[in-house]
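Hi,

Here's the structure I promised to pass on. Have a look at it first, and then read my notes underneath.

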Amino acid sequence: MNIIETNNITYRYPDGTEALKTVNFEAEEGKIVALLGPNGAGKSTLFLHFNGILRPYSGNVLVDREEIKYNKKDLMRVRQKVGIVFQNPDDQLFAPTVLEDVAFGPMNLGLSKEEVEMRVKEALERVGMEGFEKKPPHHLSGGQKKRVAIAGILAMKPKIMVLDEPTSGLDPKGASQILKLLYNLNKEGMTIIISTHDVDLVPLYAYKVYIISEGEIIKEGNPQEVFEDVKTIRDANLRLPRIAHLMEILQKEDELPFDRPYPLTIGEARRKLKDHFKDV
Ligand code: ADP
């Protein structure tokens with residue numbers, strides 16, 4: 001079942017920029033879906049449609065099979081289901097302390113003080129930020145800010161979490177902590193939608209991949225299907241995962257007999273190479 005669906009949506013910014021041109025996007029409940037595209041392709045614009053921050057110029061958006069209606073009550077309903085983590089945590093964090101920031105969302109849901117406290121505690125523990133309650137967010141590192149921003153969304157207990165470039169600007173350890181967290185949340189049933197231009201990460205986590213370029217979805221499928229289409233990937237100013245690129249070079253330039261599809265992860269490449277060299 002699709003928990004988020006856009007049907008032929010188009011979006012134009014007030015200055016006339018046509019940011020989305022007839023986009024059809026689906027996220028199946030309980031899966032991790034990745035939206036891959038170069039800068040300026042329309043990733044953030046599409047995401048802002050998922051909880052009604054932006055309203056399409058034409059077409060419609062369905063959340064949990066219900067069309068977003070854009071009145072106050074309906075938007076409240078949608079935003080409880082769909083939590084968006086912005087690319088830049090400074091756009092998200094605004095309260096004087098971490099505690100107040102994470103408590104802001106659940107407090108606005110009208111929950112009891114005890115329930116809010118419990119949710120904040122759980123959310124901060126979940127992202128490994130317990131003990132930072134009294135700190136001002138602007139004293140945190142990039143990775144810590146990102147984790148607090150995620151905690152603020154978790155405290156709302158959404159069914160769907162949408163993250164715009166969740167690993168951008170983080171060091172490898174910070175990035176892998178975030179991905180592990182997302183992976184675990186997904187295992188517990190949360191639908192996760194992420195945008196990224198980091199093609200190496202996608203095959204590790206994504207069930208389905210969309211490629212967006214100049215406001216249009218130009219490819220969709222599982223990672224294997226999508227990265228098979230090397231021309232489309234390169235035309236969109238993206239690249240193959242490093243591992244697949246290495247295998248492509250070994251095949252084409254060194255004439256090693258690796259058949260396609262190219263492996264996309266270190267694990268797959270290792271199996272293929274071991275298999276190839278076992279008799280050598
Ligand atoms: P991405 O997230 O893939 O980097 P965006 O969705 O931010 O792409 O941008 C898509 C297009 O819309 C780009 O051409 C960008 O310049 C334009 N755009 C984004 N925000 C605005 C805005 N507020 N006003 C006008 N144009 C915008």
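Below is what I found, starting with the ground rules and then going through the sheets and the ligand.

This is a predicted model, so to speak of a local feature I needed pLDDT of at least 70, side-chain atom pairs count only at pLDDT 80 or more, and totals for chains, interfaces and linings use all residues. Residues are numbered from 1 along each chain as its sequence is written, and side-chain values use heavy atoms, with hydrogens and water left out.

**The six-stranded sheet**

One open sheet has 6 strands in the order S6-S7-S8-S3-S9-S10, with mixed pairing. Strands here are DSSP runs of E with at least two residues, helices are runs of H or I with at least four, and both are numbered from the N terminus. Two strands pair if DSSP finds at least two bridges between them. At the edges are S6 (82-85) and S10 (216-221), each pairing on one side only. Neighbouring strands are turned by 15° against each other on average, direction ignored; axes are lines fitted to C-alpha atoms, for helices over the stretch in contact, and angles run from 0 to 180 degrees between N-to-C directions.

Within this sheet, S7 (residues 160-164) and S8 (residues 191-196) are parallel partners over 5 bridges, and Ile160 stands opposite Thr191 in S8. Helix H1 (residues 43-50) lies across S3 (32-36), S6, S7, S8 and S9 (208-213), running at about 155° to S8.

**The ligand**

H1 also supplies the largest share of the shell around the ligand, 3 residues. Among the residues surrounding the ligand are Tyr13, Asp15, Pro38, Lys43, Ser44 and Thr45 (a heavy atom within 4 Å counts as near). A backbone N or O atom of Gly42 is 3.0 Å from a ligand oxygen atom, and for Lys43 the corresponding distance is 2.9 Å. Taken alone, the ligand exposes 560 Å², and the protein buries 61% of that (Shrake-Rupley areas, 1.4 Å probe).

**The four-stranded sheet**

The other open sheet I'd point you to has 4 strands in the order S2-S1-S4-S5, with antiparallel pairing. S2 (18-28) and S5 (66-67) are at its edges with a single partner strand each, so one side of each has no neighbour in the sheet. S1 (residues 2-12) and S2 run antiparallel, joined by 7 bridges, and Ile4 stands opposite Ala27 in S2.

Over to you!

Note on methods: Contact = heavy atoms within 4.5 Å. Polar contact = N/O pair within 3.5 Å; in protein donor to acceptor, adjacent residues only side chain to side chain.
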